[in-house]
Amino acid sequence: MGRAKYFTPLEVSIHNTIDDLWVSFLGKVYDLTTLCQKSRGDVLLKPILNSAGKDISHWFNPKLKDIRTHVDPVTGCVIPYTPHGRFVHIPPPCPRSDWANDFGRPWWKDDSYMVGILSKKTRFINIVNTLTSQDQVIEVCSEETINEILTRYLIYNAHAASYTWKFDGVVLDMDKTLEENGIIDEDEQFYELRIDDREFRQTIHLYYNDDLTEA
């Protein structure tokens with residue numbers, strides 16, 4: 001298995017329909033599209049549809065990594081806490097003969113739905129192609145290596161791997177993150193000083209290697 005892919009909240013948010021539905025919770029990103037297809041028309045799908053593209057960590061107990069629970073004031077039993085409505089794979093509060101529990105693992109415990117990790121902190125980086133003078137600002141995950149950032153940048157330059165990536169004249173280690181390459185995240189300092197970070201955005205310069213490769 002390769003390294004897990006990181007996603008920005010924005011990337012998760014665009015998957016917000018029943019035919020393409022992602023959510024994030026407890027730091028991970030899940031593609032629930034197949035679950036939605038299996039449950040199409042089921043009223044229990046509504047809370048999930050209403051949360052499409054959003055983070056639903058508040059549905060879960062972070063220590064147990066399971067649905068939050070509470071004591072039912074009527075029965076005195078401990079049951080799942082679903083203030084937005086009962087959803088797929090949550091049992092009814094009382095025994096019922098019309099509820100099938102043969103689905104196996106509930107979706108929030110089924111890693112087959114997981115597609116990656118939600119970035120704890122995203123950053124905006126300016127990338128300048130010194131050959132063409134193309135200047136592009138992209139949002140990246142702070143956990144990503146420069147090689148993974150290069151992959152994001154391919155939509156702007158399909159031959160980005162044919163360039164040497166530098167910051168302040170120093171060649172970057174493509175297997176390390178921005179921080180590990182000395183490109184420090186200064187967002188907090190800019191916020192405290194009330195400085196518009198867009199005016200001082202860190203810039204990576206790309207230098208053509210003169211040996212164009214296939215992307």
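1. A good place to start is helix 4, residues 146-153, which lies across strand 10, strand 11, strand 12 (163-167) and strand 14 (203-208). Against strand 11 in particular, the helix runs at about 125 degrees. Please keep in mind as you look around that this is a predicted model.

2. The strands under that helix belong to a sheet worth tracing by eye. Five strands make up this open sheet, in the order 11-10-14-12-13, and their pairing is mixed. At its edges are strand 11 (135-141) and strand 13 (170-171), each of which pairs on one side only.

3. Now zoom in on one pair from that sheet. Strand 10, residues 122-129, pairs with strand 11 in the antiparallel sense, over seven bridges. You can follow the register through two positions: Arg123 stands opposite Val140 of strand 11, and Ile125 has Ile138 of strand 11 as its bridge partner. The hairpin made by strand 10 and strand 11 has five residues between the strands, and Ser133 in this hairpin takes a positive phi near 65 degrees.

4. There is another five-stranded sheet to find. This one is also described as open, with the order 1-9-4-3-2 and mixed pairing. Strand 1 and strand 2 (16-17) are the edge strands here, each pairing on one side only. Strand 2 meets strand 3 in the antiparallel sense over two bridges, and Asn16 is set opposite Leu21 of strand 3.

5. Next, the aromatic side chains. The structure holds 13 aromatic pairs. One of them joins Phe7 and Trp22: the ring centres are 5.1 Å apart and the planes are at 80 degrees, so this is an edge-to-face pair. Phe7 belongs to strand 1 (residues 6-7) and Trp22 to strand 3 (residues 20-25), so the pair ties together parts 15 residues apart in sequence. Phe7 and Trp22 are both buried. Phe7 has a further partner to look at, since the charged end of Lys5 sits over its ring, 5.3 Å from the centre.

6. A second pair deserves a look as well, that of Phe60 and Trp107. With ring centres 6.4 Å apart and planes at 90 degrees, the pair is edge-to-face. Phe60 lies in strand 5 (residues 60-61), while Trp107 lies in the loop between strand 8 (78-80) and strand 9 (114-118), so the pair links parts that are 47 residues apart in sequence. Phe60 is buried, with a relative accessible area of 1%, and Trp107 is buried with a value of 0%.

7. Which residues form one aromatic cluster? They are Phe25, Tyr30, Trp59, Phe60, Phe87, Trp107 and Trp108. Trp107 has a long list of contacts: leaving out residues up to four places away in sequence, it touches Phe25, Leu32, Leu35, Ile48, Ile56, Trp59, Phe60, Phe87, Val88, His89 and Tyr113.

8. Several of these names return when you turn to the nonpolar cores. The largest core has 21 residues, and the ones with the most contacts inside it are Phe25, Leu32, Ile48, Phe60, Phe87, Trp107 and Trp108. Strand 3 and helix 2 (33-38) each supply at least two residues of this core, and strand 3 gives the most, with three residues. A second, separate core has 18 residues, among them Ile125, Ile146, Leu150 and Tyr163. Ile125 is the residue we met above as the bridge partner of Ile138.

9. Ser51 is a polar residue to check in the viewer. Is Ser51 buried or exposed? With a relative accessible area of 11%, Ser51 falls under the 20% limit and so counts as buried. Ser51 sits in the loop between helix 3 (46-50) and strand 5. Its contacts, setting aside neighbours within four places in sequence, are Val23, Ile56 and Trp59.

10. Two last spots round off the tour. Lys166 lies over the face of Tyr207, at 4.8 Å from the ring centre. Cys94 is found in the loop between strand 8 and strand 9, and its relative accessibility of 42% makes it partly exposed. Between Cys94 and Cys77 there are 9.8 Å in space, C-alpha to C-alpha, and the two are 17 residues apart in sequence.

How values were computed
Residues numbered from 1 in each chain as written. Predicted model: local features only at pLDDT ≥ 70, side-chain atom pairs only at ≥ 80, totals over all residues. Heavy atoms only, no water. Pairing = 2+ DSSP bridges. Helix = DSSP H or I, 4+ residues; strand = E, 2+ residues; numbered from the N terminus. Contact = heavy atoms within 4.5 Å. Axes fitted to C-alpha atoms, helices over the stretch in contact; angles between N-to-C directions. Phe/Tyr/Trp six-rings, centres within 6.5 Å; stacked < 30°, edge-to-face > 60°. Buried < 20%, exposed > 50% of the residue type's maximum accessible area, 1.4 Å probe, protein only. Lys NZ or Arg CZ within 6 Å of the ring centre and 35° of its normal. Core = buried A, V, L, I, M, F, W, Y, C linked by side-chain atoms within 4.5 Å.
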